[in-house]
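Welcome! Let us take a walk through this structure together, starting from its ligand and moving outward.

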Amino acid sequence: MKPADSKKALACAVLAARRAGQLMRENQGAVKTVNSQSAHDIKLELDVQCQKLIEKTLLTDYPTAALMGEEGLAGDANSDLRWVVDPIDGTVNFTYGIPHACVSIALQERVAGSFSTVVGVVYDPFCDEIWTAIRGQPARLNDRPIHVSQRRELRECVVSIGFAKDAESLRLNLPVFNDLVGRVLKIRMMGAAALALVYVASGRFDAYIESGIYLWDIAAGGLILQCAGGEFWHRPRASGPKFEMLANNGLVRRKIQARAKLARAAALCNQ
Ligand code: IPD
C-alpha cells in the first residue's frame, strides 16, 4: 500500500474508533442490553451498535473492502482489502462498568494469497488514549512515538495473562500462570486483549500471553506492538480459527516459552 493510502486509511480508522468510543463512553453507566451470555462471555446490543457505526464509517470510504468483525461480516468478501474489527474489546469489563475496554480496528491487505496488517488503531475511550500504527513506521500513543520496555529479567517483568473463553485455554495457561507468578514482578489480568497488546507496545507490560484468541482481538494491537519494536509471536491453534500468542518486548520470549514448556509438561505428568 502506498504511504498516502495508508495515511488515509489510518485517518478513517481513527474516526471510526473515536465514534464507537464515544458511544461506549455515553453508555458507561447505563444498564446494558445483553443479547447472549455463556459461562465466560457476554454479548451486548451495544457491541452490535458500535460495529454498525464502525462499518458505516469504514465502508463509506472503502465501499469495495471486506469487513470481518466480532459481530459479523460485511462488505465484499473477495476484496484484497479487509478491515478487522473488535467493536468493544473487554465486553465483560464494559458490562460491569469497569472502565478498561477499547475499540480495535486493523486494515489488512492480501499479498501473495495471505493477509498482512498494514494499519492498526486501538482506542481506549475511558482514558482517551489512542494507539496507531502504519506498517514500517513508528507506533504512536496520542501522536507521540512509543517503544517497548528494555527489561530482560523475568524478576523485573510485569506479565499479563488472559484466559479467553474456553477450557483449552485454561488447560494451556493455568500451569504457566502458576509457574510465572512466583518468578515475575507481577502478573496482571486486565480483560481486554487489544489493550494488553498496546500496553506491551508502550512498555507498561513486558509480555502478554493468551491462547484461544480471535483475529479481531489481536490484529491491530499486534501491528502496533511490532511498530513499537516488540515481538508479536502468534500461531493458529490446531483446533480452529483461534490463535496462541506471546506478545513481548523482544527480550523475554525465550525465557517465558522455556518456563511454559516445563510448566505444561509438569501439569500433564500430574494428571
Ligand atoms: C475478549 C477480551 C479478553 C480476552 C478474550 C477476548 P471481547 O474479547 O479481550 O480479555 O481474554 O480472549 O475474546 O469478547 O471482550 O471482545
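The paragraphs below look at the ligand, its neighbours and the pocket around them.

Before we begin, keep in mind that what you see is a predicted model. Find the ligand and look at what lies around it. A shell of 15 residues surrounds the ligand, and the closest of them are Asp-89, Gly-90, Thr-91, Lys-165 and Glu-210. What kinds of residues make up this shell? Sorted by class, seven are charged, five are nonpolar and three are polar.

Now zoom in on some individual contacts. Thr-91, already met as one of the closest residues, places a backbone N or O atom 2.8 Å from an oxygen atom of the ligand. Ala-193 also takes part through its backbone, where a polar atom is 2.8 Å from a ligand oxygen. Asp-86, on the other hand, uses its side chain: an N or O atom there is 2.9 Å from an oxygen atom of the ligand. How much of the ligand does the protein cover? On its own, the ligand has 380 Å² of accessible area, and the protein covers 91% of that.

Next, see which strands the shell draws on. Strand E5, residues 81-89, and strand E13, residues 207-213, each supply at least two shell residues. E5 gives the most, with three residues.

Step back a little further and you reach the pocket. The ligand takes up space in the largest pocket, which holds about 720 Å³. Its lining is made of 35 residues, and those nearest the centre are His-40, Phe-163, Ala-164, Gly-191 and Glu-210. Glu-210 may look familiar, as it is also listed among the residues closest to the ligand.

Which elements build the lining? Among those that each supply at least two residues are strands E1 (34-38), E2 (41-44) and E11 (158-161), along with helices H3 (91-95), H4 (167-180) and H5 (193-201). E5 and E13 belong to that group too. Here E13 has the largest share, with four residues, whereas in the shell around the ligand E5 gives the most.

Finally, consider the make-up of the lining: 17 of its residues are nonpolar, 10 are polar and eight are charged.

Note on methods:
Residues are numbered from 1 along each chain as its sequence is written. This is a predicted model: local features need pLDDT of at least 70, side-chain atom pairs count only at pLDDT 80 or more; totals for chains, interfaces and linings use all residues. Side-chain values use heavy atoms; hydrogens and water are left out. A residue is near a molecule or strand if one of its heavy atoms lies within 4 Å of it. A polar contact is a pair of N or O atoms within 3.5 Å; within protein, one must be able to donate a hydrogen and the other to accept it, and residues adjacent in sequence count only if both atoms are side-chain atoms. Accessible areas come from the Shrake-Rupley method with a 1.4 Å probe; for residues, only the protein chains shown count as cover. On a 1 Å grid over the protein atoms alone, a cavity is a set of points where a 1.4 Å probe fits but cannot get out, and a pocket is an open set with protein on both sides within 12 Å along at least five of seven lines; lining residues have an atom within 4 Å of a point. A molecule sits in a cavity or pocket if more than half of its atoms lie within 2 Å of its grid points. Ala, Val, Leu, Ile, Met, Phe, Trp, Tyr, Cys and Pro count as nonpolar, Asp, Glu, Lys and Arg as charged, and the others, Gly among them, as polar. Grid points are joined across faces, edges and corners, and a volume is the space filled by probe spheres set on the points.
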